[in-house]
Each structure stands twice: as C-alpha cells, then as structure tokens.
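Welcome, and thanks for taking a look. This short report walks through a sheet, the helices on it and a pocket.

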Amino acid sequence: MKPDSYDIKAKIGVIFQEVAVFEELTVYENIDYFCGLYIKNKDKRKQYIEDAIQLVGLEDFKKFYPKQLSGGLLRRLNIACGIAHKPELIFLDEPTVAVDPQSRNNILDGIKKLRDNGATIVYTTHYMEEVEIICDRVIILDKGKILATGTTDELKELAKIEEKVTVEVNNLEEKYIEQIKILENVDEVTYNGNILLITYKKGKNNLVELIDYMKEENIKYNKIYSERPTLNDVFLELTGKGLRD
C-alpha cells in the first residue's frame, strides 16, 4: 500500500494495544481529528463522531481530556478514534487488556455491533472466552506458526478430552483422589484448594458414575457440574501448559 492510497486506507481501521491519542485534545476533539483524516464533509463527520461516541459509551465524557479518563475509558476512546470513519476492515490488537469488567463488556458489545453491522473484524487476544463470543473463524498461533484454524466448534473437536467435571469438595483425602484416577475414561485429576477437576477422554455417563462413586464412599460435596472442552483447553493442548516469558 502506498502512503497516498487514501481510498484504501479509508476502508481500514487499526486499534493498537497501546493507546494512541493526543493528550492535548478532548475526547470529542481526538475522535474528530482521526475521523477527519478520511471524512471531509463536516456534517457527515459530525454524525460519524456521535455514532462512534455512542458505540463506545463516551457520551458523558466528550469534554474530558485523556489524563482525566480511567484505563477502561481510554481504551474506549482509542477504539472510537480507530472506527469513527466507519471502516470496512478493522484490526483490533488486544483491546481489553487491563480494563475493568464493565469497560470490557462495553468494548465487546461495541465490537459485536460493528461485526453485526457488516464490518470485517481481525481480532487478536489471549482471552479465549472473547474469541468464542466474537469470532466466526479462529486461527491459533504459537511462535509465529499457525497451529490450527476453523470455527470454534471445529477447533474444540481437536481437544483430546471429551468432558470436564468440577467438584467443590472440602478436605478430600489422597486415597480418594487416587481411586478416582483409575475410574473408567478418566484422563487427569487435579485437586487444588477445595476444587477437584477431572477430565475424561471419552464417555457419556461420566458425571453419573462419579456421583455414584462419591455416594458409595460417602464423600460430601458442595457443588458438582460438567462441561464440554473450551477453546482455552484446545489452546493449551496445542501450545503447551508451560509458562511463557
């Protein structure tokens, strides 16, 4: 792409992980500046700015300067600056890093609206739950190499585990943990604090059989529930569970 390829650039929005706004400008002025790089018509630009402010929920902060905003609000401003000109292709680099839960939900809702309104979103994140919420297709990368690609359901089929059962149980003796490890279909058992996590390779009645076992052994528990493998499980299987720098 050439530096003067404005017709192409006008169709692209880029939101970096590091916030990139002008400290000397207010929220409204920042969005106006970035939108004005591509939208010259003043009336149209004014409407686009208001649309962007509403999308990220900054209606009450138009006259604020960046230094007056919380981390979550700064992230939202950063996104508004990148999408105010209504691009067709939007790159988002970990937009929810280090933000509060409320701002995170607001950001994700805004991204879903952009997607539903027809924009193509390229979204990078380490938060697999966000991927499941937002993405139609997923690429798992590790050290610059593509390990897997597909829909979330297709990727979950790559998981070697069929089911995860979580049990909240206090003071579980080691002998019971060892006995659970040799139950049919059990792949791995961990017990941390008061949480017993059991992963199964296969089978459809694992939860029922576990409950029967615990009843026979008179093991009292507070909660027990079963779930299918998550995208996070697939990610860890493909990339490994070792700590990274």
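## The sheet

In this predicted model, three strands make up an open sheet with parallel pairing, in the order S1-S2-S3. The edges belong to strand S1 (12–15) and to S3, each of which has a single partner strand, so one side of each is left without a neighbour in the sheet. From one strand to the next, the twist averages 10°.

Let us look at one of these pairings. S1 and strand S2 (residues 89–93) are joined in the parallel sense over four bridges. Here valine 14 has phenylalanine 91 of S2 standing opposite.

## Helices on the sheet

Two helices are worth finding in your view. Helix H4 (residues 71–83) lies across S1 and S2, and runs at about 160° to S1. Helix H5 (residues 101–116) also packs on the sheet, where H5 touches S2 and S3. The direction of H5 makes about 145° with that of S3.

## The largest pocket

Now for the pocket. The largest pocket has a volume of about 870 Å³, and 31 residues line it. Nearest its centre lie Tyr123, Thr124, Thr125, Ile139 and Leu141.

Which elements supply at least two residues each of the lining of the largest pocket? They are strand S3 (120–124), helix H6 (128–134), strand S4 (138–142), strand S5 (145–150) and helix H10 (231–239). S3 thus links the two parts of this tour: S3 is an edge strand of the sheet and also contributes to the pocket lining. Sorted by class, the lining comprises 15 nonpolar, nine polar and seven charged residues.

Conventions
Residues numbered from 1 in each chain as written. Predicted model: local features only at pLDDT ≥ 70, side-chain atom pairs only at ≥ 80, totals over all residues. Heavy atoms only, no water. 1 Å grid on protein atoms, 1.4 Å probe; cavity = no way out; pocket = protein on both sides within 12 Å on 5 of 7 lines; lining within 4 Å. Points joined across faces, edges and corners; volume = space filled by probe spheres on them. Nonpolar A, V, L, I, M, F, W, Y, C, P; charged D, E, K, R; others polar. Pairing = 2+ DSSP bridges. Axes fitted to C-alpha atoms, helices over the stretch in contact; angles between N-to-C directions. Contact = heavy atoms within 4.5 Å.
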